[in-house]
Amino acid sequence: MEYRKLPHGSEQISVLGFGTSSIGMAGEKEMEATITMALENGINYFDLASADGAPFSAFGRVLAGQREKAYFQIHFGANYQGGKYSWTTDLDTIKRSIDWQLNALKTDYIDFGFLHCIDEESDLHHALKGGILDYILKLKEDGVVRHIGLSSHTPSIVETVLDTGILDMLMFSINPAYDYQKKGEFAIGDVEQRQNLYRRCEAKGVGISVMKAFSGGQLLNARTSPFGRALTEYQCIQYALDKPGVLTVLPGVRNRKDLQRILGFVEAGSEEKDYSVLGTFAPQEAAGVCVYCNHCQPCPAGLDVGLINKYYDLALAGDELAKDHYAHLDTKAGDCIGCGHCDSRCPFHVGQVDRMQTIQAYFGE
């Protein structure tokens with residue numbers, strides 16, 4: 001398992017996380033066996049926005065005496081007191097639900113306390129001014145909440161919350177359908193707006209946990225894919241992991257069979273993860289935009305073209321660390337020999353030879 005460090009903390013987070021939206025249907029024994037299997041295979045990040053309350057007690061039983069092995073993403077606004085999930089912005093209801101969740105989990109702290117599913121300006125106003133954020137901040141002051149997060153599908157909402165400087169983690173929907181579609185329930189924001197958001201998160205040290213990596217399963221079936229062509233789970237996971245700021249991807253897991261298949265990503269070869277086929281059906285406005293897929297590799301001059309592009313884009317977004325990371329690369333844009341190998345292989349039609357000259361000038365090599 002690969003791990004990525006939380007920028008605002010010391011936590012090392014597994015790149016494969018565990019979404020619990022559907023596991024409640026598996027039954028107690030299967031839930032416990034699946035959670036145990038995840039832990040044994042190095043998964044340590046669990047999102048607890050579930051369809052019902054059943055997984056909470058299962059996690060409590062499995063993690064009894066070993067709570068430190070898991071990071072919980074708990075949502076302030078997800079209510080389970082009636083057994084099933086309901087969304088709320090009522091502060092008193094949220095307080096009762098959080099108490100219920102902590103009791104079921106048999107824990108006295110929350111690793112990541114999230115403002116839950118804030119997609120509208122009115123909901124954001126209520127969360128920031130109606131006492132929900134103050135409640136989370138008080139719990140953080142008391143040591144109950146370790147980090148503050150936000151789950152949203154709306155880039156403009158996320159940008160507003162990023163301005164406050166409170167976030168350590170963002171839960172956001174990232175997949176090719178949402179990034180490149182112009183219509184769809186959660187396909188909010190154009191290509192440039194969404195890509196800029198990912199870069200801003202990394203520049204500000206806000207980690208991203210990815211939901212809906214498969215677009216609710218639509219991308220895995222040619223009949224339902226907006227591109228008319230199916231992608232694989234591994235392609236979708238790698239696509240998300242290559243985005244700036246992303247620490248972990250949270251596939252929904254129903255049972256051990258699902259988990260075993262997802263875990264195969266760890267040992268899968270680069271060809272199984274290669275999503276460069278996107279370049280053949282992504283919209284015109286995505287052309288010329290480097291998505292850091294490194295389909296251009298190997299570079300005859302030894303350049304990591306995707307990484308050079310990522311550091312440049314992040315530096316433009318104001319990330320001072322990106323400039324330092326670039327400075328320590330063994331081979332830089334100025335080492336480009338202009339052979340055109342990358343240009344001929346780029347599925348998104350990026351003119352990398354010209355871009356290397358631009359990057360070289362920017363960093364003053």
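A pocket, as the word is used here, is an open set of grid points with protein on both sides within 12 Å along at least five of seven lines, and its lining residues are those with an atom within 4 Å of a point. With that in hand, let's walk through this structure, which is a predicted model.

Start with the largest pocket, which holds about 800 Å³ of space. Its lining is made up of 32 residues, and S21, M211, K212, L250 and G252 are the ones that lie nearest the centre. If you want an element to look for, try helix α10, spanning residues 256–267: this helix gives the most to the lining, with three residues. Sorted by class, the lining of this pocket has 14 nonpolar, 12 polar and six charged residues.

Now move on to the second largest pocket, with a volume of about 610 Å³. Here 27 residues form the lining, and E202, G245, K310, Y311 and L314 lie nearest the centre. Several elements each supply at least two lining residues, among them strand β1 (3–5), helix α8 (191–203) and strand β12 (246–249). Helices α12 (305–316) and α13 (320–327) also supply at least two each, and α12 gives the most, with five residues. By class, this second lining has 14 nonpolar, five polar and eight charged residues.

Next, turn to the aromatic rings. The structure holds 17 aromatic pairs. One of them joins Y80 and Y85 in a tilted arrangement, 6.0 Å from centre to centre and with 50° between the planes. The two partners are placed differently with respect to the surface: Y80 has a relative accessible area of 1% and is therefore buried, whereas Y85, at 33% relative accessibility, counts as partly exposed. Another pair to look at is Y362 with F363, which meet edge-to-face, 5.0 Å centre to centre and with 85° between the planes. Y362 is partly exposed, because its relative accessible area is 33%. Rings can also gather in a group, and F18, F46, F59 and F72 form one aromatic cluster.

Finally, look for places where a charge sits over a ring. The charged end of R67 lies over the ring of Y109, 4.0 Å from the ring centre. Further along the chain, K273 places its charged end over the ring of F265, and here the distance to the ring centre is 4.2 Å.

Note on methods:
Residues are numbered from 1 along each chain as its sequence is written. This is a predicted model: local features need pLDDT of at least 70, side-chain atom pairs count only at pLDDT 80 or more; totals for chains, interfaces and linings use all residues. Side-chain values use heavy atoms; hydrogens and water are left out. On a 1 Å grid over the protein atoms alone, a cavity is a set of points where a 1.4 Å probe fits but cannot get out, and a pocket is an open set with protein on both sides within 12 Å along at least five of seven lines; lining residues have an atom within 4 Å of a point. Grid points are joined across faces, edges and corners, and a volume is the space filled by probe spheres set on the points. Helices (H or I, at least four residues) and strands (E, at least two) are DSSP runs, numbered from the N terminus. Ala, Val, Leu, Ile, Met, Phe, Trp, Tyr, Cys and Pro count as nonpolar, Asp, Glu, Lys and Arg as charged, and the others, Gly among them, as polar. Rings of Phe, Tyr and Trp (its six-membered ring) pair if their centres lie within 6.5 Å; planes under 30 degrees apart count as stacked, over 60 as edge-to-face and the rest as tilted. Buried means under 20% relative accessible area, exposed over 50%, partly exposed in between (1.4 Å probe, protein chains only). A charge sits over a ring if NZ of Lys or CZ of Arg is within 6 Å of the ring centre and within 35 degrees of the ring normal.
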